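Hi everyone, thanks for making time. I'd like to walk you through one structure today, so please have the viewer open.

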Amino acid sequence: MKKRYFVLIFIFLLFLCSIALLNKKVTMLQGVDYKVSRITLPLYLKVLNFYDRHYNYKWLAKQITGHLDTKEDKILRLFHWTHETIKPQPESLPVMDSHVWDVYVRGYGVSDNFHDLFSTLCNYIGADAFFTALYVGDTRSINMSFVRIKRGWVVFDPYNGI
């Protein structure tokens, strides 16, 4: 009987510690017109947001590529879908930068947003992918996405459709 009480007390204390930990304040960064600010939120909300985006990425990648068989076909479909679906940043709207999922939700973005979304979706279908800025001269840069296929790394530019 005593053992049962100790187990119940232990579970209750573990529950209280979990509540305290999940209510810990954490930060996330959000950029608006290239000015970055910190947003404070509880850890449980940050974790919930992460899983919400994670399962949405999985769902979206499957919706776009589910009917295709090969990884190369899926990569090309994601490339075309990104170029056709996401629109260039309207001049009248602020440039937003927080999470890649927001690019899909808004439906528009600047060059690196296209690359970020494309690379992320490629990772969700199991393809190694990343994007980086290649500098031309001192100040000008070109964003490029790199995706590994059977033959090796291939360069994509979903913003310009190349």
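**A ring pair, a core and two helices**

Let me start with Phe146, which is buried, with a relative accessible area of 17%. Buried here means under 20% relative accessible area, exposed means over 50%, and partly exposed is in between, using a 1.4 Å probe and protein chains only.

Some housekeeping before I go on. This is a predicted model, where local features need pLDDT of at least 70 and side-chain atom pairs count only at pLDDT 80 or more, while totals for chains, interfaces and linings use all residues. Residues are numbered from 1 along each chain as its sequence is written, and side-chain values use heavy atoms, with hydrogens and water left out.

Back to Phe146, then. Which ring does Phe146 stack with? The partner is Phe130, at 5.2 Å centre to centre and with 15° between the planes. For the record, rings of Phe, Tyr and Trp (its six-membered ring) pair if their centres lie within 6.5 Å; planes under 30 degrees apart count as stacked, over 60 as edge-to-face and the rest as tilted. Phe130 lies in strand 6 (residues 129-136) and Phe146 in strand 7, so this pair ties together parts that are 16 residues apart in sequence. Helices (H or I, at least four residues) and strands (E, at least two) are DSSP runs, numbered from the N terminus. Phe130 is partly exposed, at 39% relative accessible area.

Phe146 also has a bridge partner in strand 8, namely Val155. Strands 7 and 8 run antiparallel and are joined by five bridges, with strand 8 covering residues 152-156. Two strands pair if DSSP finds at least two bridges between them. The connection from strand 7 to strand 8 is a hairpin through two residues.

Now the interior. The largest nonpolar core has 23 residues. By nonpolar core I mean a set of buried Ala, Val, Leu, Ile, Met, Phe, Trp, Tyr and Cys residues joined through side-chain atoms within 4.5 Å. Those with the most contacts inside this core include Ile75, Leu117, Phe118 and Val147. Two or more residues each come from helix 2 (43-65), helix 3 (71-85), helix 4 (100-106), helix 5 (111-124) and strand 7 (140-149). Which element gives the largest share? That is helix 5, with five residues.

So let's look at helix 5. Of its 14 residues, 10 are buried, so helix 5 is largely enclosed by the rest of the structure. The buried set mixes residue kinds: among them are Ser111, Asn113, His115, Leu117 and Phe118. The geometry checks out too: at 1.5 Å a residue, helix 5 should span 20 Å, and its end C-alpha atoms are 20 Å apart, which agrees. The expected span is 1.5 Å times one less than the number of residues. Just after helix 5, Gly126 takes a positive phi of about 95°.

Leu117 touches Trp81, Ile86, Val100, Val103 and Tyr104, not counting residues up to four places away in sequence. Contact means heavy atoms within 4.5 Å. Ile86 itself is found in the loop between helix 3 and strand 3 (87-88), yet Ile86 is buried, at 1% relative accessible area. Leaving aside neighbours within four places in sequence, the contacts of Ile86 include Gly107, Tyr108, Gly109 and Phe114. Tyr108 has company as well: the charged end of Arg106 sits over its ring, 5.3 Å from the centre. That criterion needs NZ of Lys or CZ of Arg within 6 Å of the ring centre and within 35 degrees of the ring normal.

On to helix 2. Its buried residues are Arg53, Tyr57, Leu60, Ala61, Ile64 and Thr65, and what covers them includes helix 3, helix 4 and helix 5. Tyr57 also belongs to a cluster linked by ring pairs, together with Trp81, Trp101, Tyr104 and Tyr124.

One last stop, for the torsion fans. Most residues other than glycine have a negative phi. Where do Asp33 and Tyr34 sit? Both are in the loop between strand 1 (25-32) and strand 2 (35-42). Phi is near 55° for Asp33 and near 65° for Tyr34. Asp33 is partly exposed, at 41% relative accessibility, whereas Tyr34 is exposed, at 66%.

That's my tour, thanks for listening!
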